[in-house]
Amino acid sequence: GDGGSRAPDTSLFVPVPLKPVDDAAEEDVGAELTRPLDKGEVLKNLNKFYKRKEIQRLGAENGLDARLFHQAFISFRKYIMESSSVSADLHIILNDICCGAGKVCLLGHVDDLFPFFLRHAKQIFPMLDCMDDLRKISDLRLPPNWYPDARAIQRKIIFHAGPTNSGKTYHAIQRFLSAKSGIYCGPLKLLAHEIFQKSNDANVPCDLVTGEERVYANEDARQAPHIACTIEMCSTNTPYEVAVIDEIQMIRDPARGWAWTRALLGLCAEEIHVCGEAAAIDLVTELMYTTGEEVEVRNYKRLTPLTVLDYALESLDNLRPGDCVVCFSKNDIYSVSRQIEARGLECAVIYGSLPPGTKLEQAKKFNDPDDPCKILVATDAIGMGLNLCIKRIIFNSIVKPTINEKGEKEIDSITTSQALQIAGRAGRYGSSFKQGEVTTMHRDDLMQLKEILSEPVRPVKAAGLHPTPEQIEMFAYHLPDATLSNLIDIFVSLSQVDGLYFVCNIDDFKFLADMIQHIPLNLRSRYVFCTAPLNRKEPFVCTTLLKFARQFSRNEPLTFDWLCRHTKWPLAAPKNIKELVHLEAVHDVFDLYLWLSYRFMDMFPDAVLVRDIQKQLDDIIQVGVCNITKLIRASQSASAPGTAEVVSEDFPFSRTKRDTRAVSHHHGAKSTEAFSLAVEVPTERRTRNLKGYRSATRQEDLKSHGRGSLANRLLREGLLTQEMLRQLESEWQDQHRNGREGLGSKRDDQNNPKETGKKKK
């Protein structure tokens, strides 16, 4: 981006409302000097003013594009027409225009209104007056210059490049441990914890710093020379001998990439050891070229062989000890673990929203050679941060729901990078399995997985950036009436970045900003609340943040008692999946409290007590997860036979009431598709879809289960279960027999209490 000013997205400019003058007591000086205005004449002339090409050109020169010009005019016209009086100078001009109209001697011309119009436009669009300032503030073109401390030293950059299980991080950590002082920056609390542990075990005193936690190696809370932190928490003004930045390819992450950019450009360390995929080498080298620092690349090969098998698993009957089934949705996790247990096997379960303690406990259980639990069911959460002894990775599916730039849900094949990261977990160096294997659950996915794994990883093209609180504060100074969400939008729309960078998506930030907009907070506090790490798909956590902000704005400290009342602590062990999901949300609420307690100590004073009950909650959740299949069974008996609570995975995207009566399960079916928990379609949509499918199924023979068959695809995406399929089939035959239309009577048996077992509590 060159210095040329980029046209702003004016749809983001929200007009500041101006009230018409409505005060009879106000002397109408203009009327006394001339005469009262004829509003009809005024209206005619204002509309004439609006239509003049010359005026539109003048407007454009002053930053009013067609949209702003129109909005400003409507507001200006309304202001004049509805005010009981206008300023004397404007009154006189209007009077001259109205009197002079049509006469040879023109007293006034409509164009004379322009200065008044522009003054009004700048009142309702204050950004027009300070565009240059706003552009300067949002100019993100030379990020290296934001870190003068780092620029003052010549740093040595060493890039440890290689796949999962190549020992790249191990070598960087060895250097970290041997240094006089060091900082480790990782993407996950689990990774920071692991290095903190490793370091202290090696008698190298090391502190732990995450968003929610500070643990000091020294009793007296003096800072240790070594520190392990989550990357967002690293300090860019403390000098270290060695810094380690782990998983550098995440610099391209649409939401968190900025934290890697900041660490890479800003850490004050003599040596910076960067670990990650080779796909990031070129970008890191280019970024360091702009700071005048050289990059030494050390390439690592995988330490144990990894084989892609020539056959799919096809049935859970073929599972072996050391297998890990990877799913991309919580519902699939429930479904698969339930079926594994039905075969008399024990399995461990790991997914993203579990507390770190529970994840470690489940990993330990699976890794322990003396534990009967020999199978793991997990999401891609195992891609990083846990040491697991896996012999074989089995992809339950190779499509993953993602959220695109626009915030819409999409289902897409996993990327080569994701596939390698997960597959690479098999056959860990130093574990009991000397080599790893990878395959898929379904035969038709295997070819595609092989293709995905054989493609080169796309090189990382750009590094993330995001506006700092200082920049937003300066913006707010110029635009005092704008909401925080709107400020951020205008900032991003005006921002300019070099080709090596991009602005991270700020959807979560804006979601929170809109949610707490009506609460009176100063800008700094508001900004902090909006950067709180929470999952916006969890309604309970979101409403809690709202309550935190409200109390905070009233200057009432959030005490331990208040939090216990709000979360109904103490809590019992979960009896079904819904309760387990709620406990996970409460754990996140405690995290949120702890996170805020480090930013507003006096308003969130009870961190010590909260950390205590969070530890207890972690234990309760562990018990729940150990009994997960019992919970699934309980959820099923509460709904229809053979189904589980369907967990909504798309709050706040869908506000439709969900139907938890998933369709019943036929035990004779071989494939896992038979048991689809993920009937994630709201009732009305499902019925509509069934009708739509019916016409489609006429052309598609339902019995053909070839690749790409509609039925097969719907099964795989969880929009259709085997049972629904059979139902459609029999209906289709009925219809052929007696030409009968309508689904109603067939679906009624689902509402028959005899069929549904125990009524839902």
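In the predicted model, A66 belongs to helix α4, which spans residues 66-82. With a relative accessible area of 67%, A66 is exposed, the cut-off for that class being over 50%. Although A66 and Q56 are separated by 10 residues in sequence, their C-alpha atoms lie 7.8 Å apart in space.

Eight strands of the model form an open sheet of mixed pairing, in which the order is β5-β4-β6-β3-β7-β8-β2-β9. The edges are formed by β5 (213-215) and β9 (295-299), each of which pairs on one side only, and the twist from one strand to the next averages 15 degrees. Within this arrangement, strand β2, comprising residues 156-161, is mostly covered, since five of its six residues are classed as buried, a term that denotes a relative accessible area under 20%. Strand β2 pairs in the parallel sense with strand β8 (residues 268-276) over six bridges, and in this pairing I157 of β2 stands opposite I272 of β8. Toward the edge strand β9, β2 is joined by five bridges, the two strands again running parallel, with H160 placed opposite R298 of β9.

A further parallel pairing links strand β3 (residues 182-186) to strand β6 (residues 226-230), here over five bridges, and G182 is the residue that stands opposite H226 of β6. This part of the sheet is also contacted by a helix: α10, formed by residues 189-201, lies across β3, β4 (206-210), β5 and β6, and runs at about 170 degrees to β4. The angle between α10 and β4 is about 170 degrees, and angles over 145 degrees count as roughly antiparallel, so the two elements fall in that class.

Two loops that adjoin strands of the sheet contain residues other than glycine with positive phi values. In the loop between β5 and β6, A221 has a phi near 60 degrees, and with a relative accessibility of 40% A221 counts as partly exposed. In the loop between β7 (239-245) and α11 (257-266), E247 has a phi near 55 degrees; E247, however, is buried, its relative accessible area being 11%.

Another backbone feature occurs in the loop between α22 (560-567) and α23, where P570 is located. The peptide bond that joins W569 and P570 is cis, with omega at about 0 degrees.

Helix α23 (residues 577-599) packs against helix α24 (residues 607-626) at an angle of about 155 degrees, and the two axes are 10 Å apart. Because angles over 145 degrees are counted as roughly antiparallel, α23 and α24 are roughly antiparallel to each other. Their crossing is left-handed. The contact draws on residues of both helices, including L580, L583, V586, F590 and L594 of α23 and V610, I613, Q614, L617 and I621 of α24. By class, the contact of α23 with α24 comprises 14 nonpolar, three polar and four charged residues. Among the residues of α24, Q614 has a relative accessibility of 9% and therefore counts as buried. Apart from neighbours within four places in sequence, Q614 is in contact with H587, F590, D591 and L594, and these four residues are listed among the contributions of α23 to the helix pair.

Conventions
Residues are numbered from 1 along each chain as its sequence is written. This is a predicted model: local features need pLDDT of at least 70, side-chain atom pairs count only at pLDDT 80 or more; totals for chains, interfaces and linings use all residues. Side-chain values use heavy atoms; hydrogens and water are left out. Two strands pair if DSSP finds at least two bridges between them. Axes are lines fitted to C-alpha atoms, for helices over the stretch in contact, and angles run from 0 to 180 degrees between N-to-C directions. Contact means heavy atoms within 4.5 Å. Angles under 35 degrees count as roughly parallel, over 145 as roughly antiparallel, 65 to 115 as roughly perpendicular and the rest as oblique. A crossing is left-handed if the near helix is turned anticlockwise from the far one by less than a right angle, and right-handed if clockwise. Ala, Val, Leu, Ile, Met, Phe, Trp, Tyr, Cys and Pro count as nonpolar, Asp, Glu, Lys and Arg as charged, and the others, Gly among them, as polar. Buried means under 20% relative accessible area, exposed over 50%, partly exposed in between (1.4 Å probe, protein chains only).
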